[in-house]
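Colleague: I'd like to learn how to read helix packing, pockets and backbone details in a model like this one. Could you walk me through it?

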Amino acid sequence: MTELKNDRYLRALLKEPVDRTPVWMMRQAGRYLPEYRATRAQAGDFMSLCKNAELACEVTLQPLRRYDLDAAILFSDILTIPDAMGLGLYFEAGEGPKFTETADSMAKIQKLAVPDPELELGYVMNAVRTIRKELNGEVPLIGFSGSPWTLATYMVEGGSSKTFEKIKRMMYAEPQALHLLLDKLADSVTSYLNAQVAAGAQSLMIFDSWGGALSHSAYREFSLRYMQKIVDGLTRFADGRKVPVTLFTKGGGLWLEAMAETGCDALGLDWTVDIGDARRRVGDKVALQGNMDPSMLYASPERIEQEVESILASYGQGTGHVFNLGHGIHQHVDPEHAGAFIKAVNERSVKYHK
């Protein structure tokens, strides 16, 4: 494989020295960019864009042409696994993802099979291989998946949910059914992420978008337990170097210490957590990624710069911080404001690494 020219992001995740704090953005390839909207229109719809390796590669690279970012992230969707299990993913305009079938009973869950990542999900691996080749070692490529709990919420509910009524009913009334589903999903995510590493992903991230909807004990039983199983089964070395793993539970500030005990390399933080406090809590166990409120990008460039400085100062001196937003960049953000954010991190973080 081509030698990596900028490995700042990988080194920070492993708490190795860096010259400045690396930065990337969740959903950095997305609807806020006019070039992305043009490519998506060319593809016809979202899933067609995901399934076309050349177009998925194009939108992955678009933000790197605009901004001085330290990582690329595979353009895909967390719901590729449920789709590959036969649930029939589609997107309703203005309503988000939906499934033609649900996994809302023991009988349905028992019929689900763990997908083969090179067969049912081969289009994702083709995209990884294409992107890795086109990156030509400029920056590392992040592969990712949704967490078992988060994937299960969509599979049981049949789409997005504000109350999680169906899956919480299953969790408390039929826990054995939900555990079977989560176990199958943990196996699916493990093989899916390992296939991404084999195809060229150099770092992995698990998005537990809805873990924060759980109670304290339920989070450990129904979310963290299955992320732990995945971490234990992942390929952790490739191309002669470690493949760092980041866990991100949105709304997961209560459980940082428990998440750090899984053996992952880094934790993603949303904007509700003070990063300096998080660093004190986890000590030297893991690196931290985060955690500016994405809505801050609606502010003036001067205000954005102030917020970047505040978060850098809260984290303090030394490595182990990957600067990011606390969740995905919003659709209606001015791309110039995203540029101001990235420039501020690149310029203002140098003094924290001397």
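Colleague: At what angle do the axes of α2 and α4 cross, and within what distance do they come?

Modeller: Happy to help, and please keep in mind that this is a predicted model. The general idea is that two packed helices are described by the angle between their axes and the distance between the axes. Here the axes of α2 and α4 cross at roughly 170° and come within 10 Å. Angles over 145 degrees count as roughly antiparallel, and that makes α2 roughly antiparallel to α4.

Colleague: Which residues of α2 and α4 meet?

Modeller: From α2 you will find Pro34, Glu35, Tyr36, Thr39, Gln42 and Ala43, and they meet Leu55, Glu58, Val59, Gln62 and Arg66 of α4. Sorted by class, this contact has five nonpolar, three polar and three charged residues.

Colleague: While we are on α4, what does leucine 64 touch, leaving out residues up to four places away in sequence?

Modeller: Leucine 64 sits in α4, which spans residues 53-66. Leaving out those sequence neighbours, leucine 64 touches Gln28, Leu69, Ala71, Ala72, Leu135 and Val139. For a distance along the chain and through space, take proline 17: it is 47 residues from leucine 64 in sequence, and their C-alpha atoms are 23 Å apart.

Colleague: Now the other helix pairs. How do α8 and α10 pack?

Modeller: Helix α8 covers residues 148-157 and helix α10 covers residues 175-199; they pack at about 120°, with axes 9 Å apart. The two helices are therefore oblique to each other, and α8 passes α10 in a right-handed crossing. Pro148, Trp149, Leu151, Ala152, Met155 and Val156 of α8 meet Leu178, Leu181, Leu182, Leu185, Ala186 and Val189 of α10. The class count is 12 nonpolar, no polar and no charged residues.

Colleague: And what are the angle and axis distance for α10 and α11?

Modeller: The angle is about 30° and the axes are 9 Å apart, with α11 running over residues 216-233. Angles under 35 degrees count as roughly parallel, so α10 and α11 are roughly parallel to each other. Their crossing is right-handed. On the α10 side the contact includes Leu178, His179, Leu182 and Asp183, and on the α11 side Phe222, Arg225 and Tyr226 are among the residues. By class, the contact of α10 with α11 divides into nine nonpolar, four polar and five charged residues.

Colleague: Let's turn to pockets. How much space lies in the largest pocket?

Modeller: A pocket can be read by its volume and then by its lining. The largest pocket holds about 1,400 Å³. It is lined by 43 residues, and those closest to its centre are Arg27, Arg31, Phe46, Asp77 and Phe91. The elements giving two or more residues to the lining are α2 (34-43), α3 (46-51), β2 (89-92) and β3 (96-99). By class the lining has 22 nonpolar, 12 polar and nine charged residues.

Colleague: Where does arginine 27 lie?

Modeller: Arginine 27 is in the loop between α1 (8-13) and α2. Its backbone deserves a look too: arginine 27 has a positive phi of about 60° although it is not a glycine.

Colleague: One last backbone check: is the peptide bond from glycine 290 to asparagine 291 cis or trans?

Modeller: That bond is cis, with omega near -5°. Asparagine 291 belongs to strand β10, residues 287-292.

Technical notes:
Residues numbered from 1 in each chain as written. Predicted model: local features only at pLDDT ≥ 70, side-chain atom pairs only at ≥ 80, totals over all residues. Heavy atoms only, no water. Axes fitted to C-alpha atoms, helices over the stretch in contact; angles between N-to-C directions. Helix = DSSP H or I, 4+ residues; strand = E, 2+ residues; numbered from the N terminus. Parallel < 35°, antiparallel > 145°, perpendicular 65-115°, else oblique. Left-handed = near helix turned anticlockwise from the far one by under 90°. Contact = heavy atoms within 4.5 Å. Nonpolar A, V, L, I, M, F, W, Y, C, P; charged D, E, K, R; others polar. 1 Å grid on protein atoms, 1.4 Å probe; cavity = no way out; pocket = protein on both sides within 12 Å on 5 of 7 lines; lining within 4 Å. Points joined across faces, edges and corners; volume = space filled by probe spheres on them.
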